[in-house]
Amino acid sequence: MATSNVVCALVLSSLFHFLLVPVLSRDVHALEKCGFKAIYQLGDSIADTGNLIRENPLSPYASFPYGLKLSKPTGRCSNGLLMIDYIARSAKLPYPGAYLNSARKFSGGRGGVNFAVAGSTALPAEALSSKNIVNIVTNESLSSQLEWMFSYFNTTCSEDCAQEIKSSLFMVGEIGGNDYNYAFLFNKTTEELNALVPEVVGAIKDAVAKAIGHGARRVVVPGNFPIGCFPLYLSQSQPNDAAAYDEFHCLKGLNSIASYHNELLKQTVEGLKTNYPDVIIVYGDYYKAFMSIYQNAQSLGFDTKSVQKACCGTGGHHNFSLWRMCGAPDVPVCPNPDQHISWDGVHLTQKAYQHMAEWLINDIFPKLQCSA
């Protein structure tokens, strides 16, 4: 009986692993088959390729050690490339240039435009302020990014803009994570965080509908990360109760908020599919993409002792302190960033983003129903 239970457990474990990591050999150039003309990105620091540093040149993301892998800081909140860069590479397109970058304007936005802003929220600043939550990084939100996008389409886009939009990929997010980040930093309760979720998802729904109204025909709507696994949260919330942590030593309460957001977003995507039957709308499962590397860290070349430690940072069990964050004077950088999942306690390393992007591309490609 005991032997059969062990065999059963092994089978279930293998099945779970298979479901979590959909393929072993990934076609990293799969999106080229879609023939996308461009990629348009809305979002926050997970996707920003240089908008925040144009608004605020004193941002730490404008200086080393950010951009170490790229030989210069570009405004990406990592040591190198982001998921959007690998998605563009898969589609055989140039990396979408930051909207506020004058060099992007000179090139005419060939290959797409990135409207994401690090620190940006799904809800407008005034909506958060009414709840005594302050965006401490930027005043930009989904609504201002949409204004930029529509301004670009109306003034800068090529003469054949309508057809280009129909043949492009729209990434609406990841967005909303900062709404919860700021609420957490302003000491909001779990109940208050959960109460934010429907409003945040509602703002994302409105953004998708507006993009479709401007001609988008293929839209990916990414969900939130398992934030309870990140050094930022692990270092700030340290309950003594072992029951507060899951089997991966991630905070259950915070991951439940991310899961609630994601489940509501999935339902919203299904509703949007019904409302817009001629549009391909795909949920981007960033939660599972992250967990696929987190749970397979060793086989992917990550240091299993450092999965919850920032590479660039200092202090405590998680190598992270809000008072001495990456980029501050004398804050060290680990000698082996490719063996770390977390870059600065809040954002991931290039290597982690690469693996996440490969997982995501494999997951979304069949759902995009590309005819090419």
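**Why these labels? Glutamine 369 and beyond**

Reader: Why does glutamine 369 count as exposed?

Author: Its relative accessibility is 54%, and the label exposed is given over 50%, so glutamine 369 earns it. Bear in mind that this is a predicted model. You'll find glutamine 369 in the segment after helix H13 (350–364).

Reader: What makes the phi of glutamine 369 stand out?

Author: Its sign. Most residues other than glycine have a negative phi. Glutamine 369 is not a glycine, yet its phi is positive, at about 55 degrees.

Reader: Asparagine 187 also has a positive phi; what is its value?

Author: Near 60 degrees, and again in a residue other than glycine. Asparagine 187 sits in the loop between H8 and H9.

Reader: And is asparagine 187 buried or exposed, and how do you know?

Author: The relative accessible area is 68%. Exposed means over 50%, so asparagine 187 is exposed.

Reader: Why is valine 134 called partly exposed?

Author: Partly exposed covers what lies between under 20% (buried) and over 50% (exposed). Valine 134 has a relative accessible area of 42%, so it lands in that middle class. Its place is the loop between helix H5 (125–129) and helix H6 (142–155).

Reader: Which residues make up the nonpolar surface patch with Val134?

Author: Val134 is joined by Ile136, Val137, Leu185 and Phe186, and together they have about 390 Å² of accessible area. A patch takes residues with over 30% relative accessible area, and the 42% of valine 134 fits that.

Reader: How do you know that lysine 92 and glutamate 32 form a salt bridge?

Author: Side chains of opposite charge can pair when their charged atoms come close. The cut-off here is within 4 Å, nitrogen to carboxyl oxygen, and for lysine 92 and glutamate 32 the N to O distance is 3.6 Å. This pair links distant parts of the chain, 60 residues apart: lysine 92 is in the loop between H3 and strand S2 (97–98), and glutamate 32 in the loop between helix H1 (2–20) and strand S1 (39–42). As for cover, lysine 92 is exposed at 51%, while glutamate 32 is partly exposed at 40%.

Reader: How many salt bridges does the structure hold?

Author: There are 7. Another one of them joins glutamate 263 and lysine 266, whose closest N and O atoms are 3.1 Å apart.

Reader: Why are glutamate 263 and lysine 266 said to be about one helical turn apart?

Author: An α-helix has 3.6 residues a turn. Glutamate 263 and lysine 266 are 3 residues apart in helix H11, so about one turn separates them. Glutamate 263 is partly exposed at 41%, and lysine 266 is partly exposed at 28%.

Reader: How do you know that the length of helix H11 agrees with what it should span?

Author: H11 has 24 residues (252–275), and at 1.5 Å a residue they should span 34 Å. The end C-alpha atoms are 34 Å apart, so the two values agree.

Reader: What do the buried residues of H11 pack against?

Author: Quite a list: helix H8 (177–185), helix H9 (190–213), S5, helix H10 (231–236), S6 and helix H12 (286–294). The buried residues of H11 include Leu254, His261 and Leu272.

Reader: Why is strand S6 called largely enclosed?

Author: Because 5 of the 5 residues of S6 (residues 280–284) are buried. Ile280, Val282 and Gly284 point one way, Ile281 and Tyr283 the other, and all are buried. That fits the general pattern: in a regular strand the side chains alternate between the two faces of the sheet.

Reader: What makes S5 and S6 paired strands?

Author: Pairing needs at least two bridges, and 5 bridges join S5 (residues 218–222) to S6, so they qualify; the two run parallel. In that pairing, valine 219 stands opposite isoleucine 281.

Reader: Which peptide bonds in the loops are cis?

Author: One runs from phenylalanine 64 to proline 65, with omega near 15 degrees. Another runs from glycine 173 to glutamate 174, also with omega near 15 degrees. Proline 65 is in the loop between helix H2 (51–55) and helix H3 (83–90), and glutamate 174 in the loop between strand S4 (169–172) and H8.

Methods:
Residues are numbered from 1 along each chain as its sequence is written. This is a predicted model: local features need pLDDT of at least 70, side-chain atom pairs count only at pLDDT 80 or more; totals for chains, interfaces and linings use all residues. Side-chain values use heavy atoms; hydrogens and water are left out. Patches are made of residues with over 30% relative accessible area and no salt bridge: like charges are joined within 9 Å, nonpolar side chains (Val, Leu, Ile, Met, Phe, Trp, Tyr) within 5 Å. Accessible areas come from the Shrake-Rupley method with a 1.4 Å probe; for residues, only the protein chains shown count as cover. A salt bridge is a side-chain nitrogen of Lys or Arg within 4 Å of a carboxyl oxygen of Asp or Glu. Helices (H or I, at least four residues) and strands (E, at least two) are DSSP runs, numbered from the N terminus. Buried means under 20% relative accessible area, exposed over 50%, partly exposed in between (1.4 Å probe, protein chains only). The expected span of a helix is 1.5 Å times one less than its number of residues. Contact means heavy atoms within 4.5 Å.
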